[in-house]
Amino acid sequence: MKNVAILGGGITGLTCACQLAQSGHAVTVYEKTFQTGGLAGSLVQGDFVFDYGPHEFCTENPMLVALLEDLLGDDLLERHKHAAQFFNGRFIDYPLSPVHVMQQLRPGLTARIVSEVVLQRFKSLVWTSSDHSFEKWVASRFGATLYQTYFRPFTQKVWGIDPDHLDPRTASQRIAFNSIFDYVIKTCSYFFLHRNDFSSIHSPLKDKYYYSRGGIGTLTRRLAERCRELGVEFRCGHQVERLEVEEGQVKALHFTNGERVADFDYAVNTMPLSLLLASLGHPVADLPIKFRSMVFVFLEIPRPQMSPYSWIYYPDPDIIFQRSTDFAHLDAGMCPPGKTGVCLEISCFPEEEVWSWRDEQILARVRRDLEQVGVLPESVPCKGHVVRKQFIYPIQVIGYLEIVEELLKPVRGIRNLVTTGRQGLYKYCNMNECMEMALEVADQIEAEVDDFAYQLESNWRGAGLEQERALPTAKKAR
Ligand SMILES: Cc1cc2nc3c(=O)[nH]c(=O)nc-3n(C[C@H](O)[C@H](O)[C@H](O)COP(=O)(O)OP(=O)(O)OC[C@H]3O[C@@H](n4cnc5c(N)ncnc54)[C@H](O)[C@@H]3O)c2cc1C
C-alpha cells in the first residue's frame with residue numbers, strides 16, 4: 001500500500017484519488033479552495049445552479065460511460081446538442097448545417113465565401129500551403145472572408161492573442177473538418193452511411209452528450225462522495241506553496257498556512273503546470289506558458305428560456321462575451337419553475353480592464369449586449385452574480401507541445417512526482433480526457449513506476465479504451 005498525496009481536487013484529482021483508493025492505497029487530496037470539483041464544479045445561488053460554462057460530457061469510451069452510470073445512476077442524462085453561432089447578426093445552428101447557413105447569410109456574402117473556398121480547394125491541388133500558424137491553417141482551407149469575419153475575431157476573443165501566434169495544431173484539433181468539402185462529405189456519410197468520421201477531439205458531429213442532473217457539479221460531488229466512502233481524506237483550504245525536493249524525490253509539501261506534510265510515497269499534481277514549476281522554484285513570470293482567465297457572469301432570468309438554444313457562440317468583437325449558456329435546456333431542475341439561469345463567459349487576462357471593473361459595471365455591459373443581440377431586453381429584471389477565475393485556457397502558442405516537453409524536464413527528474421490533467425499538463429482537453437489521464441496515472445502508481453509517461457497531444461479516445469477495468473465502487477471500501 002502506498003501513501004499518495006494529490007494536489008488539487010478537480011475532476012482529475014478526484015478520479016485519480018478514487019481509483020487509487022479503490023486499489024487499497026491511502027490517499028489524501030489537498031485542495032486550495034473549500035470546495036472540490038474545480039472547473040467542473042457548479043455554483044449554487046439560492047434555487048439556481050450554474051456551471052462554469054456548458055459542460056457536455058462526450059465520450060465513446062465504454063469504461064468511462066460505465067463509470068458515469070455507476071456514479072450517477074438515474075441522474076445520468078443524455079442530451080441533444082442544440083447550439084448556435086451568432087454570426088453577421090443572425091443565429092446559425094451549430095454544428096453547421098449548409099442549408100441553414102445559406103438561409104441565414106446574405107446571398108452576396110455566401111457567394112463570396114463559397115467562391116473563396118472553391119478557389120482554396122483548387123489552390124491546394126497545385127501547391128501545399130505552409131500551415132505554420134492557426135491563421136495560415138484556417139485561411140488556406142476556408143478562405144479570407146470566413147477567416148476575417150468569423151475565425152479570426154472568435155479566436156482572438158477566446159485566446160487573447162493574434163491567431164498568427166497560435167499553433168496550427170490547435171486548429172486541426174478543434175475544427176472537425178478540413179474544408180467545406182470535407183464537411184459536406186463527412187456530413188453525408190454521417191447521415192446516409194451512419195459513419196462518424198468526425199474524429200476530431202472537441203467538435204465531432206455529435207448531437208448527443210452526457211450530463212449530470214443538477215449540473216456538472218453533481219458528477220464531481222458524487223466522485224468526491226465515492227472517494228470518502230473509499231477512505232480518501234480531504235484537506236480543503238490547503239494551498240500548495242512549495243515542494244521540498246531532496247535526492248530526486250519530493251520529501252515534503254509546504255502550504256501557505258505554514259503546514260508541512262511529509263507522509264507520502266507519491267505526489268500527483270493536478271494544479272496548473274506553471275504553479276507546479278513555481279513551487280519547484282521556477283519564477284512564473286519567466287515561463288513561456290500562460291493561461292487565459294475568465295469573468296463568468298451568471299443571471300437569474302424570470303423566463304423559461306433566454307433563447308431556444310442550449311448555448312450560443314458570439315464571435316463579434318463588439319459583444320463582450322464569447323458564449324452564453326441557458327441552463328434550463330441542460331436540466332430544467334437547475335432553475336425554479338418558469339425561470340432559467342444563464343452563464344456568460346468573458347475571456348480576458350487579469351491585466352485587462354474588464355477584470356477589474358466593478359461587478360455592476362460588468363453586469364450592465366452584459367445586459368446591454370444581450371439586448372443588442374436580441375435575446376434579453378434590458379427591462380427584464382434579473383439578479384446577477386460575477387465570478388472571476390484564472391487558469392481557464394492554456395494558450396497554445398506556436399510550438400507549445402515542445403515548450404511543455406522542455407518544461408517537464410525538472411518534473412521528470414523527480415521520481416515520486418507526476419503531473420497530469422488539463423492544468424497539470426497544460427493541455428487543452430475535456431473532462432473525459434482528464435479522467436482517462438487520471439486513471440492512467442493511478443495505474444502507473446499501482447505499477448510502482450518512477451519514470452512517468454506523458455501524452456501531451458490531446459487524444460479523443462484517451463487511455464484505457466480497450467481495457468477492462470474494475471470500477472471504483474463503494475462496496476470495496478478499505
Ligand atoms: C468555460 C469552460 C467550458 C468547458 N466546457 C467543457 C465541456 O463542455 N466538456 C468538457 O468535457 N470539458 C469542458 N471544459 C473543461 C473541463 O472543465 C476541464 O477539462 C476539467 O474540469 C479540468 O479538470 P482538472 O481537475 O484537470 O483541473 P481543475 O478543475 O482546474 O482542478 C484543479 C484544482 O487544483 C486546485 N488548485 C490550484 N492551485 C492549487 C494549489 N496551489 N494548491 C492546491 N490546490 C490547487 C484548484 O482549486 C482546482 O480545484 C470546460 C472548461 C471551461 C473553462
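This short talk goes through the surroundings of the ligand and then two of the sheets in a predicted model.

Let me start with the ligand itself. Of the 34 residues around it, the ones that come nearest are Thr12, Glu31, His55, Glu56 and Gln423. Gln423 also appears among the polar contacts, since one of its polar side-chain atoms lies 2.7 Å from an oxygen atom of the ligand. Two further contacts involve the backbone: a backbone N or O atom of Met431 lies 2.8 Å from an oxygen atom of the ligand, and a polar backbone atom of Val240 is 2.9 Å from a nitrogen atom of the ligand. As for coverage, the ligand on its own has 1000 Å² of accessible area, and the protein covers 95% of that.

Which elements give two or more residues to the shell around the ligand? They are helix H1, residues 11-22, strand S2, residues 26-31, helix H16, residues 421-424, and helix H17, residues 431-446. The largest share, three residues, comes from H16. In chemical terms, the residues of the shell divide into 14 nonpolar, 14 polar and six charged.

Where does the ligand lie with respect to the domains? Domain 1, made up of 3-40, 213-287 and 398-465, gives residues to the shell, and domain 3, which covers 290-394, does too, so the ligand lies between them.

Now to the sheets, beginning with an open sheet of five strands, whose order is S9-S2-S1-S13-S19 and whose pairing is parallel. Its edge strands are S9, residues 233-236, and S19, residues 417-419, each of which pairs on one side only. On average, and with direction ignored, neighbouring strands of this sheet are turned by 20 degrees against each other. At the S19 end, strand S13, residues 266-269, runs parallel to S19 and is joined to it by three bridges, and here Val268 stands opposite Val418 in S19.

The other sheet I would like to show is also open, with three strands in the order S10-S11-S12, and its pairing is antiparallel. Strand S10, residues 240-246, and strand S12, residues 260-261, stand at the edges with a single partner strand each, so one side of each is left without a neighbour in the sheet. Between strand S11, residues 249-255, and S12 the antiparallel pairing extends over two bridges, with Leu253 standing opposite Val261 in S12.

To return to the ligand before I stop, the point I would keep in mind is that domain 1 and domain 3 both give residues to its shell, and that the protein covers 95% of its accessible area.

Conventions
Residues are numbered from 1 along each chain as its sequence is written. This is a predicted model: local features need pLDDT of at least 70, side-chain atom pairs count only at pLDDT 80 or more; totals for chains, interfaces and linings use all residues. Side-chain values use heavy atoms; hydrogens and water are left out. A residue is near a molecule or strand if one of its heavy atoms lies within 4 Å of it. A polar contact is a pair of N or O atoms within 3.5 Å; within protein, one must be able to donate a hydrogen and the other to accept it, and residues adjacent in sequence count only if both atoms are side-chain atoms. Accessible areas come from the Shrake-Rupley method with a 1.4 Å probe; for residues, only the protein chains shown count as cover. Helices (H or I, at least four residues) and strands (E, at least two) are DSSP runs, numbered from the N terminus. Ala, Val, Leu, Ile, Met, Phe, Trp, Tyr, Cys and Pro count as nonpolar, Asp, Glu, Lys and Arg as charged, and the others, Gly among them, as polar. Domain bounds come from an automatic or database domain assignment. Two strands pair if DSSP finds at least two bridges between them. Axes are lines fitted to C-alpha atoms, for helices over the stretch in contact, and angles run from 0 to 180 degrees between N-to-C directions.
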